[in-house]
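Please look at the structure shown below and follow its interior step by step. The paragraphs that follow lead from enclosed spaces to the packed regions and the cysteines.

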Amino acid sequence: MNVWIEINPLAQSERTGIANYLFFWLRALLAEAPRDNFTLWAPEVDENPFPASANAHFQGRRAFPRWTRAHYEALWTRRDLGGVPPNAHIYHLPFFARPAPRRANTKLIVTVYDLAFAYYPEVVVDLPFFRYLSDCFVAQCEQADHFIAISQSTKHDLQTVFGVPEDKITVIYPGNDLSLPSESQMLPRALQSQLPARYILCAGTWEPRKNLPNLFRAIARLAPKLREQNVKLCLSGGRGWKIEEAERLLDDLQLQDVVVRLGYVPREVLPSLYARALFLVYPSLYEGFGLPVLEAMVCGCPVITSNVSSLPEVVGEAGLMVDPHNVDELAAAMERLLDDAVLRDDLRERGLAQAQTFSWENAARQTLDVYKSLTAGR
């Protein structure tokens with residue numbers, strides 16, 4: 001097969017979310033299909049992220065040195081143009097951020113992570129961006145031959161919000177690239193100086209749907225016990241957007257001595273960060289999958305998460321689930337894990353087992369099955 005895949009999210013200098021998904025999924029896909037040809041279309045990326053893969057042909061920024069961003073954007077509004085050649089069997093857009101080019105003899109596949117912008121429009125950066133996302137997705141619903149959803153929850157949202165027929169959606173769960181750290185694995189000195197001996201971890205980019213205000217309110221109720229036991233809440237992840245309310249609340253509740261902001265933590269350090277935590281608390285309001293929950297379980301970290309959207313699919317019976325809108329329930333779950341070392345050990349073992357049900361190799365094989373089903377007979 002000749003497959004074209006856009007990989008522009010890999011232009012991020014600090015990979016998170018979609019960029020991490022895309023990198024590890026692609027690495028597995030290239031390994032699973034050595035006889036197929038993959039063109040990695042990336043007008044905003046400078047270097048081939050997979051130089052050792054003979055089946056990966058990179059077309060990045062340097063292939064179009066005289067083009068401006070306006071030229072790139074023009075590719076997505078012309079059905080007879082686009083970067084996709086006539087001999088491409090599959091064009092896979094592994095995120096929805098713009099209308100996609102369409103050729104009559106090329107099957108278009110779109111991967112959808114979540115529809116947060118539709119359910120929580122207030123979390124989008126601004127109104128023009130919300131309209132842009134909406135317009136792009138409407139266009140893709142008209143053009144796409146098939147969708148890949150990263151959870152049953154996202155599949156349901158695609159059917160409910162945009163009326164995509166069930167037979168045009170395949171659920172393929174993400175995998176995981178992390179593992180239990182060795183006892184000898186060390187944290188960077190700068191991070192070691194920030195980390196307390198005992199801490200609760202909350203991982204992920206700061207943004208409204210991560211529900212930090214309710215987390216801070218729950219932490220405030222536990223603050224006397226946290227101070228008594230010398231336990232802190234450590235927040236890892238980028239600063240994100242629309243976080244002013246959470247920052248004001250953090251100050252108003254006077255939690256500066258209880259909450260530590262670590263900022264972005266490099267991926268190679270995450271296993272040790274997860275493994276040393278008492279537990280992960282991830283009370284998100286909405287997730288297409290929730291990779292930090294899987295990452296925590298893989299690294300032997302007990303989990304408290306929300307009972308909404310895709311998160312029950314990820315955690316299964318291996319964690320405590322709470323109503324993310326209920327501060328009392330969230331505080332009670334954290335206090336329970338703080339006080340019960342036996343329960344923490346039980347959740348740690350159950351999490352390790354649950355995490356084994358997700359792998360990038362399975363995701364790659366299932367993606368190839370979708371490709372083959374759409375090109376059968378060619």
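Which residues line the largest cavity? In this predicted model, the lining is formed by C202, A203, G204, T205, W206, K210, L212, L235, S236, Y282, P283 and S284. By class, these lining residues divide into 7 nonpolar, 4 polar and 1 charged. Strand 8 (198-203) and strand 9 (231-236) each contribute at least two residues to this lining. The space inside the largest cavity amounts to about 70 Å³.

A search of the whole structure finds 3 cavities of 30 Å³ or more. The second largest has a volume of about 50 Å³. Around this second cavity stand N20, F24, G175, N176, D177, R267, L291, E295 and W360. Its lining is made up of 3 nonpolar, 3 polar and 3 charged residues. Helix 1 and helix 10 (291-298) each provide at least two of the lining residues.

From the cavities, the reader may turn to the nonpolar cores. In soluble globular proteins, nonpolar side chains tend to be buried together. Here the largest nonpolar core comprises 92 residues, and those with the most contacts inside it are I5, W25, F38, F147, Y274, L280 and Y371. Helix 1, which spans residues 17-32, gives the most to this core, with 10 residues. Apart from this core lies another, of 36 residues, which includes I200, A223, V259 and L330.

What does Y274 touch, when residues up to four places away in sequence are not counted? The contacts of Y274 are L178, L201, A203, L280, P292, E295, A296, C299 and C301. Two residues in this list connect Y274 with the cavities already described: A203 belongs to the lining of the largest cavity, and E295 belongs to the lining of the second largest cavity.

The contacts of Y274 also include the cysteines C299 and C301. How many disulfides does a search of the whole structure find? The search finds 0 disulfides. C301 is accordingly in no disulfide, and the nearest cysteine sulfur, that of C299, is 8.2 Å away. A disulfide would require the two sulfur atoms to be within 2.5 Å.

Is C301 buried or exposed? C301 counts as buried because its relative accessibility is 2%, and the limit for buried residues is under 20%. The same reasoning applies to C202, which counts as buried because its relative accessibility is 7%. C202 is also one of the residues that line the largest cavity.

How values were computed. Residues numbered from 1 in each chain as written. Predicted model: local features only at pLDDT ≥ 70, side-chain atom pairs only at ≥ 80, totals over all residues. Heavy atoms only, no water. Core = buried A, V, L, I, M, F, W, Y, C linked by side-chain atoms within 4.5 Å. Buried < 20%, exposed > 50% of the residue type's maximum accessible area, 1.4 Å probe, protein only. Helix = DSSP H or I, 4+ residues; strand = E, 2+ residues; numbered from the N terminus. Contact = heavy atoms within 4.5 Å. 1 Å grid on protein atoms, 1.4 Å probe; cavity = no way out; pocket = protein on both sides within 12 Å on 5 of 7 lines; lining within 4 Å. Points joined across faces, edges and corners; volume = space filled by probe spheres on them. Nonpolar A, V, L, I, M, F, W, Y, C, P; charged D, E, K, R; others polar.
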